[in-house]
Amino acid sequence: MRVRLQYGREGLDVEIPGTDVTVVEPRFVPGLPDERAAFQEAVRRPIGARPLREIVKATDRVAVVIPDLTRPLPTDRLLPWFFEELGHVSPERFTIVNGTGSHRVNTLDELLAMVGPHVLDRYRVVNHNAHDPDTMLPAGKSRDGETVYLNREYVEADRRIVLGFVEPHFMAGFSGGLKGIFPAVADIASIMRYHDARTIGDARSTWGLLEGNPTQAVIRHNGSLLPLDFCLNVTLNRKREITRFFCGHPIAAHEEGCAFSKETAMVACERPFPIVVTTNSGYPLDQNLYQTVKGMSAAAQIVAPGGFIATASRCNDGFPEHGNFKKLLFDHGSPREVLDAIEAPGFSLYDQWEAQLLALIRLKARVGLLSELPADEVRRAYLEPIADLGAAVAGELARIGEDAPVAVLPEGPQTIPYVS
């Protein structure tokens, strides 16, 4: 079967061998015929909140939080409509906060691509830096009694607004909502506590689950320490077209978005598969191995124990080189050793959560990777380098049986399969 995989900017056509191949894709929802008109309707008739224009006064200082470059939100389209709607507020009253969480700050060229030249020229845009305490202020206490610090521009604002998109998330259940605030504009210590080994290792910290999810519970508590006045969330299709708006109250609007996302992006499978082919949804999500764990996790939901996950993810930005993800993998000899280190009492190291999840996936299945990473580095991350994805699947079929079932997730974590 010939399948087009989401890979980098251009995609990748692959011949998948086998006599029993199942392609698992989300239900395609066409983009809205008039996104701007739908935006106006959504912010003027929001869910559980007053209209956006009524919330923000001309004299307010407004913090607008957007997701960073690793998220495919069409911010360049949304922000002009947003500022048009709030035309009674002068540009100098706004600060756009790039919610990087614990990721690296984005370059000027990246910010230009994210928000567009018109917005970058007229509005102040700042990168959040979780590692710089001078740029943060206390917002309140977490459930464990520790102080949570949030971005200074966000804390000092009179009105706070978040932009984001809703999709299944491998720890938080779904992205969007208050996740655009916490951990997006939080301090690194709070982010570390949020990603502790016990919470990440909890079976309820998983795709598509809100109720009882300990990760989502931390997000909602810490993200609500200061009033969030308006949530502007969307759902997207594979073409990066907006399919729906979910705007208004940060909980009520988010939950409606999650219900729609679950209906369209989660797919039931009748059986597990010994071979699963996956991606990380192409650019901008497949720029590094750290983010690629999401695509592997999606495949792990339906791979049979001891099976094989073949992953296509460009990883042109490396592991990445910043942070401790690469170090955690390279400093230990096996996935089990990684987990033993992370789960040891008192252990705390930035990026441990992604290494923990990768190790858990590897304990369930072998994982191959087609990427731009050097083969020796792929092996040191407990993965098998793949030069030809079709050949890798053919080799696995030759080993376990030519009629073995194969599942393909062309859009990676944009589709979350589960065994029904």
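**Close-up 1. Strands β17 and β18 pair side by side in a parallel sheet.** Strand β17 (residues 366–370) and strand β18 run parallel and are joined by two bridges; strands pair here if DSSP finds at least two bridges between them. Strands (E, at least two residues) and helices (H or I, at least four residues) are DSSP runs, numbered from the N terminus. Within this pairing, Gly368 has Glu384 of β18 as its bridge partner. This is a predicted model, in which local features need pLDDT of at least 70 and side-chain atom pairs count only at pLDDT 80 or more, while totals for chains, interfaces and linings use all residues. Residues are numbered from 1 along each chain as its sequence is written, and side-chain values use heavy atoms, with hydrogens and water left out.

**Close-up 2. The parallel sheet holds six strands and carries helices α11 and α14.** Follow the strands in the order β3-β19-β15-β16-β17-β18 and you have an open sheet with parallel pairing. Its edge strands, each pairing on one side only, are β3 (21–23) and β18 (384–385). Helix α11 (residues 289–300) packs on this sheet and touches β15 (273–279), β16 (303–312) and β17; contact means heavy atoms within 4.5 Å. The direction of α11 makes about 140° with that of β16. Axes are lines fitted to C-alpha atoms, for helices over the stretch in contact, and angles run from 0 to 180 degrees between N-to-C directions. Helix α14 (residues 352–364) also packs on the sheet, touching β16 and β17, with its direction at about 125° to that of β16.

**Close-up 3. Helices α11 and α14 cross with left-handed geometry.** The two axes come within 10 Å and cross at roughly 35°. A crossing is left-handed if the near helix is turned anticlockwise from the far one by less than a right angle, and right-handed if clockwise. On the α11 side, look for Tyr290, Val293, Met296, Ser297 and Ala300; on the α14 side, they meet Trp353, Glu354, Leu357, Leu358, Ile361 and Lys364. The residues of this contact divide into eight nonpolar, one polar and two charged. For this tally, Ala, Val, Leu, Ile, Met, Phe, Trp, Tyr, Cys and Pro count as nonpolar, Asp, Glu, Lys and Arg as charged, and the others, Gly among them, as polar.

**Close-up 4. A mixed sheet of six strands has helices α3 and α4 packed on it.** The strand order in this open sheet is β6-β5-β4-β9-β12-β13. Strands β6 (124–127) and β13 (242–248) are the edges, each pairing on one side only. Neighbouring strands are turned by 20° against each other on average, direction ignored. Five bridges join β9 (residues 159–165) to β12 (residues 230–236), and these two strands run parallel; Leu163 has Leu232 as its bridge partner in β12. Helix α3 (residues 75–85) touches β4 (62–67), β5 (94–99), β9, β12 and β13, and its direction makes about 45° with that of β13. Helix α4 (residues 108–115) touches β4, β5 and β6, at about 100° to the direction of β4.

**Close-up 5. Salt bridges link Arg2 to Glu15, Arg36 to Glu84 and Arg104 to Glu110.** A salt bridge is a side-chain nitrogen of Lys or Arg within 4 Å of a carboxyl oxygen of Asp or Glu, and by this rule the count comes to 31. Arg2 and Glu15 meet at 3.2 Å, N to O; Arg2 sits in β1 (residues 2–5) and Glu15 in β2 (residues 12–15), 13 residues apart. These two belong to a network of salt bridges that also links Arg4 and Asp13. The closest N and O atoms of Arg36 and Glu84 are 2.9 Å apart. Because Arg36 lies in helix α1 (residues 35–44) and Glu84 in helix α3, this pair ties together parts that are 48 residues apart in sequence. Glu110 and Arg104 meet at 2.7 Å, N to O. Glu110 is buried at 15% relative accessibility, and Arg104 is partly exposed at 29%; buried means under 20% relative accessible area, exposed over 50%, and partly exposed in between (1.4 Å probe, protein chains only).

**Close-up 6. Arg71 sits in the loop between β4 and α3.** Not counting residues up to four places away in sequence, Arg71 touches His103, Phe165, Lys179, Pro284, Leu285, Gln291 and Lys294.
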